[in-house]
Amino acid sequence: MNEFCPEKIYELRTKNNMSQKALAKSLGITDRAISKWENGLSKPSGQHLIYLSRIFNVPIEYFLTEEKAGEEASPRGMESLRELYKIGRGPSSSHTIGPERACKIFKEKNPNADRFGAILYGSLAKTGKGHGTDIVIQKTFAPVACDVTCNVIESNLSHPNTLDLIAYCDNREIDRARVLSVGGGSIECEQFQSEKPKQVYDLHFFNDIVSYCKERSIRIWEYALENEDEGIWDYMQTIWNAMKASIRNGLEDEGILPGGLEVQKKAKALLESQHIDESAETRENRMVCAYAFAVGEQNAAGETIVTAPTCGAAGVVPAVLYYQQQKNKLSDDTIIQALLTAGVIGNIIKTNASISGAQCGCQAEVGSACAMAAAALAELFELSIGKIEYAAEMAIEHHLGLTCDPICGLVQIPCIERNAVAAMRAINAVNLASFLWNSRKISFDWVVNTMKETGKDMHTAYKETAEGGLAKIKID
Ligand code: SF4
(Lines give C-alpha, C1' and ligand atoms only; values in the text may rest on other atoms or scores of the structure.)
Protein backbone atom coordinates (compact mmCIF):
# COMPACT_ATOMS: atom_id res chain seq x y z
CA MET A 1 0.00 0.00 0.00
CA ASN A 2 1.36 3.45 -0.89
CA GLU A 3 1.81 5.78 2.03
CA PHE A 4 2.96 9.37 2.29
CA CYS A 5 6.61 9.58 3.30
CA PRO A 6 7.25 12.77 5.36
CA GLU A 7 11.06 12.62 4.95
CA LYS A 8 10.82 13.19 1.19
CA ILE A 9 9.58 16.80 1.49
CA TYR A 10 12.30 17.66 4.02
CA GLU A 11 14.91 15.96 1.81
CA LEU A 12 13.92 17.87 -1.36
CA ARG A 13 13.44 21.18 0.40
CA THR A 14 16.87 21.15 2.05
CA LYS A 15 18.53 19.84 -1.11
CA ASN A 16 17.12 22.87 -2.92
CA ASN A 17 18.22 25.26 -0.13
CA MET A 18 14.61 26.24 0.41
CA SER A 19 13.29 27.38 3.78
CA GLN A 20 9.94 26.13 5.10
CA LYS A 21 8.71 29.71 4.76
CA ALA A 22 9.68 29.88 1.07
CA LEU A 23 8.02 26.56 0.29
CA ALA A 24 4.91 27.55 2.23
CA LYS A 25 4.72 30.81 0.29
CA SER A 26 4.90 29.09 -3.08
CA LEU A 27 2.08 26.76 -2.00
CA GLY A 28 -0.01 29.54 -0.45
CA ILE A 29 -0.12 27.86 2.96
CA THR A 30 1.45 28.44 6.38
CA ASP A 31 5.01 27.33 7.18
CA ARG A 32 3.49 25.50 10.17
CA ALA A 33 1.67 23.24 7.71
CA ILE A 34 5.00 22.38 6.05
CA SER A 35 6.51 21.63 9.45
CA LYS A 36 3.60 19.30 10.23
CA TRP A 37 4.03 17.44 6.93
CA GLU A 38 7.76 17.02 7.53
CA ASN A 39 7.16 15.69 11.03
CA GLY A 40 4.48 13.30 9.81
CA LEU A 41 1.82 15.09 11.90
CA SER A 42 -0.39 15.69 8.86
CA LYS A 43 -0.36 14.85 5.16
CA PRO A 44 -0.54 17.09 2.09
CA SER A 45 -3.75 16.89 0.07
CA GLY A 46 -3.70 15.35 -3.41
CA GLN A 47 -3.69 18.86 -4.90
CA HIS A 48 -0.71 19.89 -2.77
CA LEU A 49 1.15 16.74 -3.83
CA ILE A 50 0.67 17.79 -7.45
CA TYR A 51 2.05 21.28 -6.67
CA LEU A 52 4.97 19.77 -4.74
CA SER A 53 5.86 17.47 -7.63
CA ARG A 54 5.90 20.50 -9.96
CA ILE A 55 7.99 22.65 -7.60
CA PHE A 56 10.63 19.96 -7.14
CA ASN A 57 10.29 18.45 -10.60
CA VAL A 58 9.71 14.89 -9.39
CA PRO A 59 6.82 12.49 -10.02
CA ILE A 60 4.04 12.38 -7.38
CA GLU A 61 5.07 8.79 -6.57
CA TYR A 62 8.31 10.20 -5.21
CA PHE A 63 6.43 11.33 -2.09
CA LEU A 64 4.93 7.92 -1.52
CA THR A 65 6.45 4.81 -0.08
CA GLU A 66 5.33 1.21 -0.23
CA GLU A 67 6.50 0.52 3.29
CA LYS A 68 3.98 -0.47 5.93
CA ALA A 69 4.94 -1.22 9.51
CA GLY A 70 5.13 -4.90 10.29
CA GLU A 71 4.73 -6.12 6.73
CA GLU A 72 7.69 -5.30 4.52
CA ALA A 73 11.38 -4.91 5.10
CA SER A 74 12.79 -1.46 4.47
CA PRO A 75 16.09 -0.84 2.70
CA ARG A 76 17.06 1.44 5.60
CA GLY A 77 17.98 -1.44 7.93
CA MET A 78 19.27 -0.78 11.44
CA GLU A 79 22.42 0.66 12.92
CA SER A 80 24.86 -1.20 15.16
CA LEU A 81 24.04 -1.79 18.83
CA ARG A 82 27.04 0.46 19.50
CA GLU A 83 24.72 3.31 18.48
CA LEU A 84 22.13 2.20 21.03
CA TYR A 85 24.23 1.34 24.07
CA LYS A 86 26.52 4.26 24.79
CA ILE A 87 28.52 5.09 27.87
CA GLY A 88 28.18 8.73 28.85
CA ARG A 89 27.22 11.21 31.49
CA GLY A 90 23.61 11.86 32.44
CA PRO A 91 21.08 13.21 32.90
CA SER A 92 19.62 13.09 29.37
CA SER A 93 21.00 11.44 26.26
CA SER A 94 19.27 13.95 23.96
CA HIS A 95 20.33 16.89 26.11
CA THR A 96 23.85 15.89 27.13
CA ILE A 97 25.33 12.94 25.18
CA GLY A 98 23.96 14.00 21.76
CA PRO A 99 24.98 17.69 22.01
CA GLU A 100 28.37 16.71 23.48
CA ARG A 101 28.99 14.46 20.49
CA ALA A 102 27.93 17.18 18.04
CA CYS A 103 30.16 19.79 19.72
CA LYS A 104 33.19 17.46 19.61
CA ILE A 105 32.78 16.91 15.85
CA PHE A 106 32.13 20.62 15.22
CA LYS A 107 35.14 21.65 17.30
CA GLU A 108 37.41 19.26 15.38
CA LYS A 109 36.00 20.62 12.12
CA ASN A 110 36.83 24.19 13.14
CA PRO A 111 40.29 24.21 14.73
CA ASN A 112 40.72 27.93 13.92
CA ALA A 113 37.61 29.11 15.75
CA ASP A 114 38.29 31.59 18.53
CA ARG A 115 34.68 31.60 19.74
CA PHE A 116 31.67 29.31 19.42
CA GLY A 117 27.96 29.91 19.70
CA ALA A 118 25.08 27.50 20.29
CA ILE A 119 21.35 28.13 19.90
CA LEU A 120 18.96 25.62 21.45
CA TYR A 121 15.47 25.15 19.99
CA GLY A 122 12.30 23.22 20.88
CA SER A 123 12.53 20.88 23.86
CA LEU A 124 16.23 21.58 24.16
CA ALA A 125 15.45 25.27 24.65
CA LYS A 126 12.69 24.56 27.15
CA THR A 127 14.46 21.96 29.31
CA GLY A 128 18.12 22.35 28.30
CA LYS A 129 19.06 24.29 31.43
CA GLY A 130 17.49 21.71 33.78
CA HIS A 131 19.19 18.91 31.86
CA GLY A 132 22.59 20.65 31.82
CA THR A 133 22.82 21.07 28.03
CA ASP A 134 24.40 24.53 28.33
CA ILE A 135 27.09 23.27 30.74
CA VAL A 136 27.94 20.25 28.56
CA ILE A 137 28.27 22.45 25.45
CA GLN A 138 30.51 24.97 27.20
CA LYS A 139 32.68 22.23 28.71
CA THR A 140 33.09 20.51 25.35
CA PHE A 141 34.17 23.68 23.55
CA ALA A 142 36.47 24.75 26.41
CA PRO A 143 38.96 26.36 26.51
CA VAL A 144 37.32 28.19 23.59
CA ALA A 145 34.38 30.25 24.87
CA CYS A 146 30.83 29.47 23.80
CA ASP A 147 27.63 31.52 24.29
CA VAL A 148 24.58 29.29 24.65
CA THR A 149 21.20 30.90 23.97
CA CYS A 150 17.68 29.45 23.92
CA ASN A 151 15.11 30.13 21.22
CA VAL A 152 11.70 28.99 22.47
CA ILE A 153 9.78 30.83 19.73
CA GLU A 154 10.95 28.99 16.61
CA SER A 155 8.49 26.17 15.93
CA ASN A 156 9.33 25.14 12.38
CA LEU A 157 11.69 22.40 13.41
CA SER A 158 12.18 19.04 11.76
CA HIS A 159 12.91 17.56 15.22
CA PRO A 160 11.97 18.92 18.65
CA ASN A 161 15.57 18.61 19.88
CA THR A 162 17.38 20.94 17.51
CA LEU A 163 20.49 23.06 18.00
CA ASP A 164 22.59 25.33 15.83
CA LEU A 165 26.34 25.41 16.34
CA ILE A 166 28.26 28.44 15.05
CA ALA A 167 32.02 28.93 14.79
CA TYR A 168 33.59 32.40 14.72
CA CYS A 169 37.07 33.70 13.95
CA ASP A 170 37.92 37.41 14.42
CA ASN A 171 34.21 38.10 14.99
CA ARG A 172 33.35 36.58 11.59
CA GLU A 173 31.08 33.52 11.26
CA ILE A 174 33.16 30.77 9.61
CA ASP A 175 30.91 27.73 9.99
CA ARG A 176 27.39 26.80 11.08
CA ALA A 177 25.70 23.43 11.51
CA ARG A 178 22.12 22.48 12.37
CA VAL A 179 22.11 19.37 14.52
CA LEU A 180 19.17 17.16 15.51
CA SER A 181 19.59 15.24 18.76
CA VAL A 182 17.30 12.36 17.88
CA GLY A 183 17.41 10.33 21.10
CA GLY A 184 19.71 7.94 22.92
CA GLY A 185 22.67 10.25 22.25
CA SER A 186 22.37 9.85 18.46
CA ILE A 187 22.63 12.92 16.26
CA GLU A 188 21.77 13.81 12.69
CA CYS A 189 23.44 16.62 10.80
CA GLU A 190 23.84 17.23 7.09
CA GLN A 191 27.32 18.68 7.62
CA PHE A 192 28.50 15.61 9.54
CA GLN A 193 27.63 13.03 6.90
CA SER A 194 30.99 11.27 7.21
CA GLU A 195 30.13 10.56 10.87
CA LYS A 196 26.79 9.01 9.93
CA PRO A 197 26.54 5.49 11.40
CA LYS A 198 26.29 2.63 8.92
CA GLN A 199 23.23 0.41 8.66
CA VAL A 200 24.64 -2.97 9.67
CA TYR A 201 21.32 -4.86 9.89
CA ASP A 202 19.30 -5.46 6.71
CA LEU A 203 16.13 -6.32 8.61
CA HIS A 204 14.32 -3.91 10.88
CA PHE A 205 10.94 -5.45 11.64
CA PHE A 206 10.62 -8.04 14.38
CA ASN A 207 8.48 -10.29 12.15
CA ASP A 208 11.27 -10.51 9.58
CA ILE A 209 13.92 -11.15 12.21
CA VAL A 210 11.82 -13.94 13.72
CA SER A 211 11.44 -15.62 10.32
CA TYR A 212 15.18 -15.35 9.73
CA CYS A 213 16.02 -16.81 13.16
CA LYS A 214 13.49 -19.62 12.83
CA GLU A 215 14.77 -20.63 9.38
CA ARG A 216 18.29 -20.95 10.75
CA SER A 217 17.36 -22.20 14.24
CA ILE A 218 19.23 -19.38 15.91
CA ARG A 219 18.32 -17.10 18.80
CA ILE A 220 18.00 -13.33 18.57
CA TRP A 221 21.37 -12.67 20.22
CA GLU A 222 23.03 -14.91 17.61
CA TYR A 223 21.31 -12.90 14.89
CA ALA A 224 22.86 -9.76 16.42
CA LEU A 225 26.31 -11.36 16.40
CA GLU A 226 25.91 -12.30 12.71
CA ASN A 227 25.34 -8.63 11.84
CA GLU A 228 27.73 -6.83 14.14
CA ASP A 229 31.52 -6.63 13.74
CA GLU A 230 33.98 -8.93 15.52
CA GLY A 231 34.59 -6.53 18.37
CA ILE A 232 30.98 -6.42 19.50
CA TRP A 233 31.36 -9.03 22.26
CA ASP A 234 34.15 -7.03 23.93
CA TYR A 235 32.12 -3.86 23.44
CA MET A 236 29.14 -5.45 25.18
CA GLN A 237 31.38 -6.59 28.03
CA THR A 238 32.46 -2.95 28.45
CA ILE A 239 28.81 -1.93 28.41
CA TRP A 240 27.89 -4.49 31.07
CA ASN A 241 30.87 -3.43 33.21
CA ALA A 242 29.70 0.19 33.00
CA MET A 243 26.13 -0.81 33.91
CA LYS A 244 27.37 -2.75 36.95
CA ALA A 245 29.60 0.16 37.98
CA SER A 246 26.65 2.56 37.81
CA ILE A 247 24.62 0.27 40.09
CA ARG A 248 27.46 -0.20 42.59
CA ASN A 249 28.31 3.51 42.66
CA GLY A 250 24.67 4.41 43.06
CA LEU A 251 24.24 2.01 45.97
CA GLU A 252 27.11 3.67 47.83
CA ASP A 253 25.99 7.22 47.16
CA GLU A 254 23.98 9.32 49.57
CA GLY A 255 22.86 12.93 49.82
CA ILE A 256 20.78 15.30 47.73
CA LEU A 257 20.54 15.34 43.95
CA PRO A 258 21.61 18.57 42.21
CA GLY A 259 19.10 20.92 40.59
CA GLY A 260 17.23 22.49 43.50
CA LEU A 261 14.40 19.99 44.00
CA GLU A 262 16.13 18.67 47.14
CA VAL A 263 15.48 15.06 46.09
CA GLN A 264 17.13 12.63 48.49
CA LYS A 265 19.10 9.71 46.98
CA LYS A 266 17.32 6.55 48.11
CA ALA A 267 19.07 3.57 46.48
CA LYS A 268 21.29 2.81 49.49
CA ALA A 269 18.36 3.05 51.91
CA LEU A 270 16.33 0.70 49.73
CA LEU A 271 19.20 -1.78 49.67
CA GLU A 272 19.69 -1.70 53.41
CA SER A 273 16.06 -1.56 54.56
CA GLN A 274 14.11 -4.68 55.25
CA HIS A 275 10.49 -5.42 56.01
CA ILE A 276 9.73 -7.39 59.16
CA ASP A 277 9.18 -10.97 57.93
CA GLU A 278 10.19 -9.97 54.44
CA SER A 279 9.06 -12.55 51.88
CA ALA A 280 11.27 -13.63 48.98
CA GLU A 281 8.96 -11.77 46.57
CA THR A 282 9.10 -8.52 48.55
CA ARG A 283 12.86 -8.78 48.78
CA GLU A 284 13.11 -9.29 45.02
CA ASN A 285 10.95 -6.21 44.49
CA ARG A 286 13.07 -4.13 46.88
CA MET A 287 16.40 -5.24 45.39
CA VAL A 288 15.38 -4.69 41.76
CA CYS A 289 14.03 -1.23 42.67
CA ALA A 290 17.23 -0.39 44.62
CA TYR A 291 19.30 -1.21 41.52
CA ALA A 292 17.03 0.88 39.26
CA PHE A 293 17.15 3.78 41.74
CA ALA A 294 20.95 3.49 41.90
CA VAL A 295 21.33 4.02 38.14
CA GLY A 296 18.57 6.65 37.98
CA GLU A 297 20.25 8.64 40.75
CA GLN A 298 23.69 8.37 39.16
CA ASN A 299 22.14 9.65 35.96
CA ALA A 300 20.36 12.54 37.67
CA ALA A 301 23.64 13.48 39.35
CA GLY A 302 25.39 13.71 35.97
CA GLU A 303 27.52 10.61 36.62
CA THR A 304 28.43 7.91 34.08
CA ILE A 305 25.69 5.53 32.95
CA VAL A 306 24.81 3.50 29.82
CA THR A 307 21.99 4.59 27.53
CA ALA A 308 19.54 1.68 27.51
CA PRO A 309 18.11 3.06 25.32
CA THR A 310 18.40 6.57 26.85
CA CYS A 311 19.84 8.20 29.95
CA GLY A 312 16.44 8.89 31.51
CA ALA A 313 15.51 5.20 31.19
CA ALA A 314 19.01 3.85 31.92
CA GLY A 315 18.07 2.01 35.14
CA VAL A 316 15.52 -0.50 33.86
CA VAL A 317 17.64 -3.01 31.91
CA PRO A 318 20.63 -3.12 34.33
CA ALA A 319 18.33 -3.50 37.37
CA VAL A 320 16.60 -6.58 35.96
CA LEU A 321 19.81 -8.20 34.73
CA TYR A 322 21.94 -7.40 37.80
CA TYR A 323 19.35 -8.92 40.12
CA GLN A 324 19.34 -12.13 38.06
CA GLN A 325 23.12 -12.27 37.92
CA GLN A 326 23.38 -11.91 41.69
CA LYS A 327 20.57 -14.34 42.43
CA ASN A 328 21.53 -17.11 40.00
CA LYS A 329 25.30 -16.53 39.81
CA LEU A 330 25.11 -16.04 36.06
CA SER A 331 28.24 -15.47 34.02
CA ASP A 332 28.85 -12.17 32.22
CA ASP A 333 28.66 -14.09 28.93
CA THR A 334 25.07 -15.13 29.70
CA ILE A 335 24.18 -11.53 30.56
CA ILE A 336 25.76 -10.31 27.31
CA GLN A 337 23.53 -12.66 25.31
CA ALA A 338 20.51 -11.12 27.04
CA LEU A 339 21.85 -7.60 26.40
CA LEU A 340 22.21 -8.40 22.70
CA THR A 341 18.59 -9.58 22.52
CA ALA A 342 17.45 -6.47 24.39
CA GLY A 343 19.54 -4.38 22.00
CA VAL A 344 17.78 -5.80 18.94
CA ILE A 345 14.42 -4.92 20.54
CA GLY A 346 15.59 -1.38 21.35
CA ASN A 347 17.01 -1.00 17.86
CA ILE A 348 13.70 -2.02 16.26
CA ILE A 349 11.87 0.60 18.34
CA LYS A 350 14.51 3.25 17.57
CA THR A 351 14.34 2.52 13.84
CA ASN A 352 10.58 2.15 13.36
CA ALA A 353 9.30 4.59 15.99
CA SER A 354 11.43 6.57 18.43
CA ILE A 355 13.32 6.34 21.70
CA SER A 356 13.12 10.09 22.22
CA GLY A 357 10.95 11.58 24.97
CA ALA A 358 10.91 14.85 23.04
CA GLN A 359 9.47 13.08 20.02
CA CYS A 360 7.06 10.53 21.51
CA GLY A 361 6.92 11.08 25.28
CA CYS A 362 8.08 8.74 28.02
CA GLN A 363 6.48 5.72 26.35
CA ALA A 364 9.44 5.96 23.94
CA GLU A 365 12.02 6.07 26.75
CA VAL A 366 10.85 4.08 29.76
CA GLY A 367 8.39 2.07 27.63
CA SER A 368 11.21 1.04 25.29
CA ALA A 369 13.51 0.26 28.21
CA CYS A 370 10.82 -1.94 29.74
CA ALA A 371 10.43 -3.85 26.45
CA MET A 372 14.21 -4.30 26.27
CA ALA A 373 14.37 -5.53 29.88
CA ALA A 374 11.50 -7.96 29.32
CA ALA A 375 13.20 -9.38 26.21
CA ALA A 376 16.51 -9.64 28.08
CA LEU A 377 14.94 -11.51 30.97
CA ALA A 378 13.04 -13.83 28.62
CA GLU A 379 16.38 -14.53 26.91
CA LEU A 380 18.01 -15.31 30.27
CA PHE A 381 15.22 -17.81 30.92
CA GLU A 382 15.84 -19.25 27.42
CA LEU A 383 12.20 -18.73 26.47
CA SER A 384 11.08 -19.24 22.86
CA ILE A 385 11.18 -16.31 20.41
CA GLY A 386 7.36 -16.18 20.55
CA LYS A 387 7.50 -15.69 24.32
CA ILE A 388 10.28 -13.10 24.02
CA GLU A 389 8.12 -11.18 21.56
CA TYR A 390 5.05 -11.39 23.79
CA ALA A 391 7.00 -10.22 26.83
CA ALA A 392 8.48 -7.24 24.94
CA GLU A 393 5.15 -6.41 23.31
CA MET A 394 3.31 -6.50 26.65
CA ALA A 395 6.00 -4.40 28.30
CA ILE A 396 5.72 -1.55 25.83
CA GLU A 397 1.97 -1.91 25.31
CA HIS A 398 1.24 -0.96 28.90
CA HIS A 399 3.32 2.19 28.60
CA LEU A 400 1.40 3.47 25.54
CA GLY A 401 0.48 7.11 26.03
CA LEU A 402 2.93 7.64 28.89
CA THR A 403 3.87 11.30 28.87
CA CYS A 404 7.20 12.96 29.56
CA ASP A 405 6.63 15.52 32.31
CA PRO A 406 9.77 15.95 34.39
CA ILE A 407 9.31 18.43 37.23
CA CYS A 408 11.49 21.52 36.68
CA GLY A 409 12.86 19.78 33.59
CA LEU A 410 15.08 17.65 35.85
CA VAL A 411 15.37 13.91 35.22
CA GLN A 412 14.35 13.12 38.80
CA ILE A 413 10.59 13.21 39.45
CA PRO A 414 8.94 11.06 38.11
CA CYS A 415 11.86 9.57 36.16
CA ILE A 416 13.78 7.70 38.88
CA GLU A 417 10.76 5.92 40.38
CA ARG A 418 9.48 5.26 36.90
CA ASN A 419 12.61 3.24 36.12
CA ALA A 420 12.00 1.07 39.20
CA VAL A 421 8.33 0.52 38.37
CA ALA A 422 9.21 -0.35 34.75
CA ALA A 423 11.80 -2.89 35.92
CA MET A 424 9.10 -4.66 37.96
CA ARG A 425 6.70 -4.44 35.06
CA ALA A 426 9.25 -6.12 32.78
CA ILE A 427 9.46 -9.06 35.22
CA ASN A 428 5.65 -9.28 35.31
CA ALA A 429 5.49 -9.22 31.52
CA VAL A 430 7.89 -12.17 31.25
CA ASN A 431 5.93 -14.17 33.84
CA LEU A 432 2.66 -13.55 32.01
CA ALA A 433 4.18 -14.24 28.60
CA SER A 434 5.43 -17.64 29.75
CA PHE A 435 1.85 -18.75 30.40
CA LEU A 436 -0.24 -16.80 27.92
CA TRP A 437 1.87 -16.52 24.77
CA ASN A 438 -0.38 -18.89 22.80
CA SER A 439 -3.36 -16.57 23.09
CA ARG A 440 -1.78 -13.29 22.06
CA LYS A 441 -3.36 -11.26 19.27
CA ILE A 442 -1.00 -8.32 18.78
CA SER A 443 2.51 -8.37 17.33
CA PHE A 444 5.46 -6.42 18.69
CA ASP A 445 5.76 -4.54 15.38
CA TRP A 446 2.17 -3.33 15.69
CA VAL A 447 2.66 -2.03 19.20
CA VAL A 448 5.81 -0.20 18.11
CA ASN A 449 3.87 1.37 15.27
CA THR A 450 1.06 2.30 17.67
CA MET A 451 3.59 3.90 20.01
CA LYS A 452 4.83 6.04 17.12
CA GLU A 453 1.29 7.07 16.14
CA THR A 454 0.42 7.84 19.77
CA GLY A 455 3.58 9.94 20.04
CA LYS A 456 2.60 11.93 16.96
CA ASP A 457 -0.84 12.64 18.44
CA MET A 458 0.55 13.63 21.83
CA HIS A 459 0.42 17.33 22.69
CA THR A 460 3.89 18.93 22.81
CA ALA A 461 3.33 19.89 26.47
CA TYR A 462 3.85 16.20 27.27
CA LYS A 463 7.01 15.71 25.22
CA GLU A 464 9.97 16.77 27.34
CA THR A 465 9.01 20.43 27.38
CA ALA A 466 8.25 20.46 31.14
CA GLU A 467 5.01 22.31 30.35
CA GLY A 468 2.36 19.71 31.13
CA GLY A 469 1.38 16.92 33.50
CA LEU A 470 3.43 16.57 36.68
CA ALA A 471 5.83 19.21 35.36
CA LYS A 472 3.21 21.85 36.15
CA ILE A 473 3.56 21.15 39.86
CA LYS A 474 5.69 23.75 41.60
CA ILE A 475 7.89 22.32 44.33
CA ASP A 476 9.63 24.79 46.62
S1 SF4 B 1 9.60 11.54 32.13
FE2 SF4 B 1 10.50 9.80 31.01
S3 SF4 B 1 11.08 10.59 28.99
FE4 SF4 B 1 10.74 12.34 30.37
S5 SF4 B 1 12.79 12.87 31.15
FE6 SF4 B 1 11.80 11.45 32.63
S7 SF4 B 1 12.46 9.40 31.99
FE8 SF4 B 1 12.91 10.77 30.26
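The paragraphs below lead through a predicted model, from the shell around its ligand to its cores, a helix crossing, and several individual residues.

The ligand is a convenient starting point. Its shell comprises 13 residues, and those that come nearest are Gly312, Gly357, Cys362, Cys404 and Cys415. Sorted by class, the residues of the shell around the ligand are 7 nonpolar, 2 polar and 4 charged. Two helices, H16 (362-380) and H18 (415-436), each supply at least two residues of this shell, and H16 gives the most, with 3 residues.

Helix H16 also matters for the next part of the picture, the largest nonpolar core, to which H16 again gives the most, with 14 residues. This core has 106 residues, of which Val316, Val320, Ala373, Ala374, Ala376, Ala391 and Ala426 touch the most other members. Ala373 may serve as an example: leaving out residues up to four places away in sequence, Ala373 touches Val316, Val317, Val320, Ala342, Ala423 and Ala426. Apart from the largest core lies another core, of 24 residues, which includes Cys103, Leu163, Leu165 and Leu180.

A crossing of two helices comes next. The axes of helix H9 (residues 220-227) and helix H14 (residues 332-352) come within 8 Å and cross at roughly 80°, and the two helices are therefore roughly perpendicular to each other. On the side of H9 the contact is made by Ile220, Trp221, Tyr223, Ala224 and Leu225, while H14 contributes Gln337, Leu340, Thr341, Gly343 and Val344. In terms of class, this contact of H9 with H14 has 7 nonpolar, 3 polar and no charged residues.

From here the description turns to single residues, beginning with two that lie in regular elements. Thr162 lies in strand E7, and it counts as buried because 24 C-beta neighbours are found inside 10 Å, where 20 or more are required. Leaving out residues up to four places away in sequence, Thr162 touches Tyr121, Gly122, Leu124, Leu157, Arg178 and Leu180. Between Thr162 and Gly296, which are 134 residues apart in sequence, the C-alpha to C-alpha separation is 25 Å. Val448, for its part, lies in helix H19 and counts as buried because it has 30 C-beta neighbours inside 10 Å. Once neighbours within four places in sequence are set aside, Val448 is in contact with Ile348, Ile349, Asn352 and Ala353. The C-alpha atoms of Val448 and Ala167, which are 281 residues apart along the chain, are separated by 39 Å.

Trp437 is placed in a loop, the one between H18 and helix H19 (444-457). With 19 other C-beta atoms within 10 Å, Trp437 is partly exposed, because a residue needs 20 or more such atoms to count as buried. Its contacts, apart from neighbours within four places in sequence, are with Gly386, Lys387 and Tyr390. The C-alpha atoms of Trp437 and Ser384 are separated by 9.8 Å, although these residues are 53 residues apart along the chain.

The backbone itself deserves a closer reading. Most residues other than glycine have a negative phi, and most peptide bonds are trans. Where, against this background, is a cis peptide bond found? The bond from Gly90 to Pro91 is cis, with omega near 10°, and Pro91 is found in the loop between strand E4 (87-89) and helix H5 (93-109). Another cis peptide bond joins Ala142 and Pro143, with omega about 10°; Pro143 lies in the loop between helix H7 (133-141) and strand E6 (146-151).

Positive phi values can be followed in a similar way. Asp170, a residue other than glycine, has a positive phi near 50°, and it is found in the loop between strand E7 (161-169) and strand E8 (172-183). Asp170 counts as exposed because 8 C-beta neighbours lie inside 10 Å. Glu262 is not a glycine either, yet it has a positive phi of about 60°. The loop that holds Glu262 runs between helix H10 (232-252) and helix H11 (267-272), and Glu262, with 9 C-beta neighbours inside 10 Å, counts as exposed.

Methods: Residues are numbered from 1 along each chain as its sequence is written. This is a predicted model: local features need pLDDT of at least 70, side-chain atom pairs count only at pLDDT 80 or more; totals for chains, interfaces and linings use all residues. A residue is near a molecule or strand if its C-beta atom, placed from the backbone, lies within 6 Å of it. Helices (H or I, at least four residues) and strands (E, at least two) are DSSP runs, numbered from the N terminus. Ala, Val, Leu, Ile, Met, Phe, Trp, Tyr, Cys and Pro count as nonpolar, Asp, Glu, Lys and Arg as charged, and the others, Gly among them, as polar. Axes are lines fitted to C-alpha atoms, for helices over the stretch in contact, and angles run from 0 to 180 degrees between N-to-C directions. Angles under 35 degrees count as roughly parallel, over 145 as roughly antiparallel, 65 to 115 as roughly perpendicular and the rest as oblique. Two residues are in contact if their C-beta atoms, placed from the backbone, lie within 7 Å. A nonpolar core is a set of buried Ala, Val, Leu, Ile, Met, Phe, Trp, Tyr and Cys residues joined through C-beta atoms within 7 Å. A residue is buried if 20 or more other C-beta atoms lie within 10 Å of its own, exposed if 12 or fewer, and partly exposed in between; C-beta atoms are placed from the backbone.
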